[in-house]
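Work through the exercises below with the sequence and the model open. Each task is followed by a solution in steps.

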Amino acid sequence: MALFRSRAENKVREAGYDPARLPPGQYLTEKWPVLHAGSVPHVDLATWDFTVTGEVESPIRLTYAELQALPQTVLTTDIHCVTRWSRFDTSFRGVHWRELAKLAGPKPTARFVIAQAEQGYTANLPIGAIEADDALIAWEADGEPLEPDHGWPLRLVVPSRYFWKSAKWLRGLELRSADEPGFWERYGYNNGADPWREERYSF
Ligand SMILES: Nc1nc2c(c(=O)[nH]1)N[C@H]1C(S)=C(S)[C@@H](COP(=O)(O)O)O[C@H]1N2
Ligand SMILES: [Mo]
């Protein structure tokens, strides 16, 4: 039986990957494109902090050193941008949400999370998206500190959603009982952002 395969899928196969890893409407890129609104922020680690606030028993504020002293996780994952590029097998090092949850103690009312980044950028997610094993709060990619363009000193990595949810230059996670659209969601991006369901835009 002859099976139709899209050009994008054939390229994935030629690159040696299983085409089932490519979500609908995406193409594989070997490069790592840089995409963001605004400019790359200047970050001074001497004054930088990371906070977990909102619906938690004990709000926390960590320095970069304190964050990096927590148990670390390395994971390899695929990332999918709503502008249709996908990049396979980026490895990230960082701390998993569960380590921060141990310190902050999410309340039962914590159902959503707002990722807060430099310059007011935000992204909203259901809390399950950062509880998932494939999510990470990362400072290293492919064995090197994140490039400033890619979010150094810290970024969120949520591979289960289009990459705009993975806030670069992350400064905090705020737990909420109710959802609230983030930066791109307010501009018409789909709140769910599941690449496997092609939840790209809300219009
Ligand atoms: N702080 C911040 N994070 C952001 C953005 C942004 O504008 N500001 N853009 C998002 C978008 S739209 C994408 S596609 C990814 C791109 O990440 P990359 O540049 O590392 O590929 O970052 C996301 N995180
Ligand atoms: Mo994006």
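A residue is called buried under 20% relative accessible area, exposed over 50% and partly exposed in between, with a 1.4 Å probe and protein chains only. The model is predicted, so local features need pLDDT of at least 70 and side-chain atom pairs count only at pLDDT 80 or more, while totals for chains, interfaces and linings use all residues. Residues are numbered from 1 along each chain as its sequence is written, chains are lettered from A and ligands numbered from 1 in the order in which they are written, and side-chain values use heavy atoms, with hydrogens and water left out.

**Exercise 1. Positive phi**

Task: Locate Gln 119 and Asp 89, and state how exposed each one is.

Solution.
Step 1. Helices (H or I, at least four residues) and strands (E, at least two) are DSSP runs, numbered from the N terminus.
Step 2. Gln 119 belongs to the loop between strand E6 (112–117) and strand E7 (122–126). Its relative accessible area is 54%, so Gln 119 is exposed. Gln 119 is not a glycine, yet its phi is positive, near 60 degrees.
Step 3. Asp 89 lies within strand E5 (residues 85–95). Asp 89 is partly exposed because its relative accessible area is 36%. Phi of Asp 89, also a non-glycine residue, is positive at about 60 degrees.

**Exercise 2. Strand E4 and helix H3**

Task: Is His 80 buried or exposed, and which side chain does it contact?

Solution.
Step 1. Strand E4 (residues 73–80) contains His 80.
Step 2. The relative accessible area of His 80 is 3%, and it therefore counts as buried.
Step 3. A polar contact is a pair of N or O atoms within 3.5 Å; within protein, one must be able to donate a hydrogen and the other to accept it, and residues adjacent in sequence count only if both atoms are side-chain atoms. The side chain of His 80 makes such a contact, of 2.7 Å, with the side chain of Ser 86.

Task: Which residues of helix H3 (residues 97–104) are buried?

Solution.
Step 1. The buried residues there are Trp 97, Glu 99, Leu 100, Ala 101 and Ala 104.
Step 2. Just after H3 comes Gly 105, with a positive phi of about 65 degrees.

**Exercise 3. Two prolines**

Task: Place Pro 19 and Pro 153 in the chain.

Solution.
Step 1. Pro 19 is in the loop between helix H1 (7–14) and strand E1 (27–28). With a relative accessible area of 13%, Pro 19 is buried.
Step 2. Pro 153 is in the loop between strand E9 (144–145) and strand E10 (155–157). The peptide bond from Trp 152 to Pro 153 is cis, with omega about 15 degrees.

**Exercise 4. The ligand site**

Task: Describe the surroundings of ligand 1 and its polar contacts.

Solution.
Step 1. A residue is near a molecule if one of its heavy atoms lies within 4 Å of it. There are 19 residues around ligand 1, and Pro 33, Ala 37, His 150, Arg 155 and Lys 168 come nearest.
Step 2. Oxygen atoms of ligand 1 lie 3.0 Å from a polar side-chain atom of Trp 32, 2.9 Å from a polar backbone atom of Leu 35 and 2.7 Å from a backbone N or O atom of Ala 37.
Step 3. Ligand 1 taken alone exposes 530 Å², of which the protein buries 97%. These accessible areas come from the Shrake-Rupley method with a 1.4 Å probe; for residues, only the protein chains shown count as cover.
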